[in-house]
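Me: I am new to protein models and would like to learn how to read one feature at a time. Could you take me through this one slowly?

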Amino acid sequence: MALPAVLLLRHSGKTLTLTSSWSCSRRATLSSASCSCRQRKQAPAPPPRSPKKVPFRVLVHGKTLEDPYHWMSNTDDPNLLDHLHRENSYAEAFMADALPLQSALASEMKRRIPAAVSTPPERWGPWMYYQYIPEGKEYPVLCRKLENESSGWPAAFRRCGLARPEREEILLDWNELAEKYGYVHVGTCRVSPDHNYLAFVSLAWARDATSLFYTLSDENQRPYRVLCRRLGCGPSNDLPVLTESDPSFCVDITSTKDGKFITVNSNSRTSSEVYVINSANPMEGIQRICKRTSGVQYFVEHHTGLFYILTNSPMPDSKWSGDGYYLVRCQVEDIESTKWLNIILPDDDTSIRDMDIFNGHLVLSLNKRGFPLLCSLNLPMQSDLKYQVYIADLKPWYFPQPSSSCSVIPGSNHDFLNSEYRVVLSSPVMPDVIVDYDMSRHTYSVVQQEEVNCVSTGQFCIQSLELHENKIHEGYNKKECIMNSESQIWKDLSRIYCLQREEVISHDGVKVPLTIVYSRESWQQYKSPGLLVGYGAYGEDLDKGWCSDRLSLLDRGWVVAFADVRGGGGGNSSWHRSGSGLNKHNSILDFVSCGNYLVSEGYVQSDQLGAIAWSAGCVVVGAAMNMYPQLFRSAILKGWSLGRCKVGG
């Protein structure tokens with residue numbers, strides 16, 4: 001999509017985060033892939049001559065490797081630029097007869113994009129914050145309006161979807177920044193506790209809104225230092241707070257949800273260390289709460305004198321033999337002694353992925369046998385809580401979700417006093433839907449669902465994309481959900497497109513989740529082309545959310561499949577470890593097994609399977625292509641590099 005149909009506001013302490021996934025490049029990607037199975041009418045252009053080879057040896061992990069293309073690491077080398085120009089010219093000539101198809105694809109993808117893009121308002125204190133993209137502009141505008149000046153406005157906004165209030169305050173217009181600097185990537189924006197100031201970069205406000213903590217980056221763009229500035233004072237008076245000397249660690253700053261503490265976090269990919277600052281008296285200094293330990297991570301929140309810490313720290317004296325994260329509570333005055341009052345453990349077949357905290361509720365993000373879930377626990381918890389308890393012992397309320405939901409992304413949820421929790425639900429067959437869950441009443445309401453426009457181009461008459469109501473996922477009390485829900489109008493395209501979840505046996509007997517999507521009308525068994533998507537790195541989940549561009553493939557008979565290989569997100573952290581470092585071969589062979597499954601089961605024609613990956617996922621797809629060239633017809637690798645030492649996270 002050229003523009004996101006829903007701009008998500010994701011929670012990170014007290015952070016307004018704009019997720020603006022500009023992905024115009026996908027158009028060329030999909031259109032190029034769509035041409036791979038066509039009949040070529042003319043002889044292909046001659047390929048460019050091979051680049052020069054310069055002898056170069058390097059010692060890696062005790063082995064000497066030959067790298068005759070090492071000279072390409074010098075991007076200023078004129079020979080490199082010349083080679084790239086020749087490659088681009090060859091690609092343009094090779095794809096020349098596909099230009100009409102590329103144009104048609106770009107046109108229909110653009111026509112699916114709604115004319116206006118806007119977020120529904122979200123309460124934070126006395127204000128309602130929202131964003132929209134002005135017509136003809138590329139970037140969004142952040143706005144707000146006092147709620148008491150607009151009685152009934154939120155409901156009216158929801159009904160009409162894209163209408164905005166007449167009296168609004170524009171806080172930040174990214175388009176103005178883009179006009180001034182030529183390009184803009186703001187990242188996160190943070191509003192001061194008194195709602196009088198807006199700042200953007202990595203920072204946190206003290207409670208009195210007069211002290212601002214921020215980070216500095218080194219020459220490698222690594223945030224390594226934290227400083228404090230008093231409003232009205234110049235940079236020369238900034239006070240140093242913390243300096244991280246380890247180049248493998250980066251620092252970031254946020255605030256606890258109640259605003260009472262500022263947390264300074266020093267993180268690597270696998271370890272973290274957390275410090276806290278009293279937000280009411282920031283000049284008292286910084287205090288370490290979680291000491292750095294290899295392979296151990298901490299995430300800290302605060303509620304009524306207790307720190308809530310999500311961690312994977314080993315528990316040698318515990319009866320629990322599980323793997324992954326659990327939740328602990330400790331008194332603020334006991335942070336140095338690490339005296340934990342309670343340990344909250346995940347239930348069987350469940351892992352804890354994240355947490356969020358409100359005045360009356362604790363929200364846990366869970367994964368149960370590969371499926372994302374959310375639940376809320378009432379706060380404060382009873383004082384006679386046992387030392388170790390399981391989530392089920394605390395009578396959680398599980399948020400009802402559609403049966404087709406694959407992606408569950410929290411909204412910004414800034415307001416600590418709010419009892420509603422905003423979530424964006426999505427799947428390959430369900431356009432993004434924004435849902436508010438009332439944790440006090442155990443009800444939910446659909447706020448907004450992404451609009452899908454019908455298109456019809458050339459010989460491909462795309463059928464009307466009529467949305468159909470989606471059922472509630474198995475495992476919930478459906479009668480209670482129907483009785484207590486304010487609305488149940490989340491809809492999907494499951495009558496047009498089939499969404500299946502299979503388990504593929506990998507080389508060592510491990511079952512790998514594979515999500516398969518295809519058109520019920522256009523797909524042909526053993527005859528359809530296919531695209532296999534992979535990532536498998538850093539313990540991160542593979543994105544299986546909605547993308548309207550994907551319809552251009554599905555409507556032409558393509559199969560799109562998502563392989564949740566080891567190394568990525570899974571039931572617990574062992575799924576990541578078993579596909580990283582020296583175990584990276586498991587990620588690669590998982591991906592190959594999923595490709596073989598698509599062919600052997602007739603989902604994809606044997607010589608029409610392609611692959612695509614982004615960033616670190618390119619290691620998996622690149623290696624799979626080299627090891628099994630007969631399996632994959634083509635590959636799209638959208639990454640910076642595939643160096644000799646790159647083994648994935």
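**Reading the features one by one**

Reply: Let us start from a single residue, W174, which lies in helix α5 (residues 174-181). Please keep in mind throughout that this is a predicted model.

Me: Is W174 buried or exposed?

Reply: W174 is buried, because its relative accessible area is 4%, and the cut-off for buried is under 20%. The chain also brings a distant part of the sequence towards this residue: W174 and E138 are 36 residues apart along the chain, while their C-alpha atoms are separated by 8.7 Å.

Me: Now I would like to understand salt bridges, beginning with how many the structure holds.

Reply: The general idea is that side chains of opposite charge can pair when their charged atoms come close. In this structure there are 21 salt bridges. One of them joins R49 and D82, with 3.9 Å between the closest N and O atoms. R49 sits in the loop between α1 (25-34) and β3 (57-60), whereas D82 belongs to helix α2 (residues 78-94), so this pair ties together parts that are 33 residues apart in sequence.

Me: Which other residue forms a salt bridge with D82?

Reply: D82 also forms a salt bridge with R86, and here the closest N and O atoms are 2.1 Å apart. Both D82 and R86 lie in helix α2, four residues apart, which is about one turn of the helix. The three residues differ in how they are covered: R49 counts as exposed at 57% relative accessibility, D82 is partly exposed at 37%, and R86 counts as buried at 19%.

Me: Could you show me a further pair, and tell me which residues are joined into one network?

Reply: D238 and R229 form a salt bridge whose closest N and O atoms are 2.9 Å apart. In this pair D238 is buried, with a relative accessible area of 11%, while R229 is partly exposed, with 26%. As for the network, E244, E273, R288 and R292 are joined into one by salt bridges that share partners.

Me: How should I read a sheet, and what is the order of the strands in the open sheet of four?

Reply: In general, strands of a sheet pair through backbone hydrogen bonds, either parallel or antiparallel. In the open sheet of four strands here, the order is β29-β30-β31-β32 and the pairing is antiparallel. The edge strands, β29 (407-410) and β32 (443-449), each pair on one side only. Ignoring direction, neighbouring strands of this sheet are turned against each other by 30 degrees on average.

Me: Over how many bridges do β30 and β31 pair?

Reply: Strand β30 (residues 420-427) and strand β31 (residues 430-438) pair over seven bridges in the antiparallel sense. If you wish to follow a particular bridge, start from R422 and look for its partner in β31, which is D436.

Me: What should I look for in a helix such as α9?

Reply: Helix α9 (residues 584-600) has 17 residues, and the distance from its first C-alpha to its last is 25 Å, close to the 24 Å expected at 1.5 Å a residue. The helix is mostly covered, with 14 of its 17 residues buried. After α9 comes G602, whose phi is positive, near 85 degrees.

Me: And how is the packing of α9 against α10 described?

Reply: Two packed helices are described by the angle between their axes and the distance between the axes. For α9 and helix α10 (residues 617-627), the angle is about 65 degrees and the axes are 9 Å apart. The two helices are therefore roughly perpendicular to each other, and their crossing is right-handed.

Me: Finally, which backbone angles deserve a second look?

Reply: As a general guide, most residues other than glycine have a negative phi, and most peptide bonds are trans. Here a cis peptide bond joins L379 and P380, with omega about -5 degrees, and P380 lies in the loop between β26 (371-378) and β27 (388-390). R369, which is not a glycine, has a positive phi near 50 degrees; R369 is found in the loop between β25 (361-368) and β26, and at 53% relative accessibility R369 counts as exposed. Y538 is not a glycine either, and its phi is positive, about 60 degrees. Y538 is found in the loop between β37 (530-534) and α7 (551-554), and at 30% relative accessibility Y538 counts as partly exposed.

Notes: Residues are numbered from 1 along each chain as its sequence is written. This is a predicted model: local features need pLDDT of at least 70, side-chain atom pairs count only at pLDDT 80 or more; totals for chains, interfaces and linings use all residues. Side-chain values use heavy atoms; hydrogens and water are left out. The expected span of a helix is 1.5 Å times one less than its number of residues. Buried means under 20% relative accessible area, exposed over 50%, partly exposed in between (1.4 Å probe, protein chains only). A salt bridge is a side-chain nitrogen of Lys or Arg within 4 Å of a carboxyl oxygen of Asp or Glu. Two strands pair if DSSP finds at least two bridges between them. Axes are lines fitted to C-alpha atoms, for helices over the stretch in contact, and angles run from 0 to 180 degrees between N-to-C directions. Angles under 35 degrees count as roughly parallel, over 145 as roughly antiparallel, 65 to 115 as roughly perpendicular and the rest as oblique. A crossing is left-handed if the near helix is turned anticlockwise from the far one by less than a right angle, and right-handed if clockwise.
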